Amino acid sequence: MEWQEPFKKAVSYFKRSKYGECLRLLNYVCFFVSFMEEIPFEKIFQALENGGRDQYAIYDSRAAVHEKTSRLREALLDVKEAIRLAPNRWQCYSRAARLFLLIRKFDEASKMVDLALQKVKPSDDKNRTTLVALQSQVLESRKRLSCHVGMLPNELLSSIFIYLVEEDPVLIIKVSRVCHHWRWVALGDPVLWSTLVLSNKHPNRKSAWWIQRSKGRIRELCLRRTLSDQVDWSLEKLEGIQWDYLRSCQLEDIDILEQLEKTGAVHVIAQLETLVIRDKLLDSREEFVSHLGDNLRNLTIDGAAHVFLGDLQVHSLVSLEVIRFGERWISDLFQFLVKNLSLRSLVVNSPFSPFHDNPGMPITLSHLTVLDYCYGTTQLFKFLRLPSLEVISIRSCVQTKYVIECLLESNTQRLKSISFDSCAHLPIPELIRVLSLNPCVSSFTLNKLSGGAVAPVLEALGSPDQLCPLLTHLDLSSSSEVESSLLTRVVTSRLISTVKPTSSRTEETMSEPERPRAEKIHSLIVDECSGITTDSLPWFRENVLYFSYVTRQGNGRR
């Protein structure tokens, strides 16, 4: 055959890694072979008898060259032609399997290996072993590179998406664009679209999408203040929402009461479990909140000046935030607390005035664990008992003695975090007693205090008695009484373990309970503390994991 001589030269070039010359000759040979297909049948039959049946080797060899030069598409086309010419040659299927493996077509690669195993002779142990090894490589690559998430049941994958959406509802858009399967799951579960947050960013299109894909079952609705900037948006765009599914609502200077009245869904307000009102311009919320009921668990009111808590018919709250209420008697808040003794979290940031008429008896909030109180009169604490409190933060208050007395009279012993910021008249002996009753305190903050309040507390923390052995975070910012020597004593006392080795204990001391090991101070903040000397800074940075010392000099910071 006339093509055999250039083919042999091409093979020689291939062995010497001269792929360019090899490919040029193979292209010539392929052209010659394709030209033969136009020769009459009788002459082709004669050519095949003289060796034409080996023409598959031309395409298989050119496929090998394309494989070496990473032209995998051309290699697959050539190996396909080789299989057509010699369907019983296992070598062609083997090369096809390797090519499919390179482009990560694992199903096709596995199929080609199976076909090659069928074509190879049973007695050819060497090549059969090679094909079995190739099959194992295909399976291993599939296992390593397969999308395991894609093999999860759709219900489980949807549950994972729900966790993402809880953090940011808009993430469902990104999830739906990852792949066809994820999009099918995301668009097929209305729960993933049940949280609708509208602002000035495409509110018309977004509301239509969410209402359609949730099938109207919006469970959480948030209307941002910036929504009012959109001239072409109105509450009528919310048509299609099945209001009976609504359980959480956040409103910022937008009133949906009129829309609820139009659709006959005012009763939905009583079904709300979470309500957040943040108003700067709108102040008429009295009628809306008058419909609230005992299903409400979480309430945040920020800026609604004409809402009076004592008038609300709510008795099952677990979380309450009252912010920027304006001037009013503290009795309004106290009456509401009397109705909601199951509170677990209370945040008050509003200048309440003292009681006009003192209540008769104190109330016990036995479930309250978190308390953040700012600006209001501390007279409220004279009538509170907080036995389960774990976190307390008092800011910008004057008569803090009522707070300390409340903790002592409540026998509070579960505190983990204590913070006093910009407070006055802090009773030091009583505060130290509170610290001694709460060994689990891990975070302690005394910011912007004066009147000799900080130094005695530091003396107690650095004493051998080891107050608050679990203390790891200490913030003393803007306290002029803090000195390097005193602070060094506190840190040093916690660098040394207070637990004696068991072997060194005598029979007399074995009956005594072991003192708990004092934790090291991991975080120490002394910003704008003038008593800290610069020569002590290296020591603090070496012995405290996180140490912050920032001072102001003129208009700058050092």
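Me: How many aromatic pairs does the structure hold, and what makes two rings a pair?
Reply: This predicted model holds 9 aromatic pairs. Rings of Phe, Tyr and Trp (its six-membered ring) pair if their centres lie within 6.5 Å. Local features need pLDDT of at least 70, side-chain atom pairs count only at pLDDT 80 or more, and totals for chains, interfaces and linings use all residues. Residues are numbered from 1 along each chain as its sequence is written, and side-chain values use heavy atoms, without hydrogens and water.

Me: Why is the pair of Phe334 and Phe383 called edge-to-face?
Reply: The planes of Phe334 and Phe383 stand at 70°, with 6.3 Å centre to centre. Planes over 60 degrees apart count as edge-to-face, under 30 as stacked and the rest as tilted, so the pair is edge-to-face.

Me: What makes this pair a tie between parts apart in sequence?
Reply: Phe334 lies in helix α15 (residues 330-339) and Phe383 in the loop between β11 (370-374) and β12 (384-385), so the pair ties together parts that are 49 residues apart in sequence.

Me: Why is Trp539 called partly exposed, and is Phe540 buried or exposed?
Reply: Buried means under 20% relative accessible area, exposed over 50%, and partly exposed in between (1.4 Å probe, protein chains only). Trp539 has 28%, so Trp539 is partly exposed. Phe540 has 0%, so Phe540 is buried.

Me: How do you know whether α18 and α19 are roughly parallel or antiparallel?
Reply: Helix α18 (residues 454-461) and helix α19 (residues 484-493) pack at about 30°. Angles under 35 degrees count as roughly parallel, over 145 as roughly antiparallel, 65 to 115 as roughly perpendicular and the rest as oblique. The two helices are therefore roughly parallel.

Conventions. Axes are lines fitted to C-alpha atoms, for helices over the stretch in contact, and angles run from 0 to 180 degrees between N-to-C directions. Helices (H or I, at least four residues) and strands (E, at least two) are DSSP runs, numbered from the N terminus.
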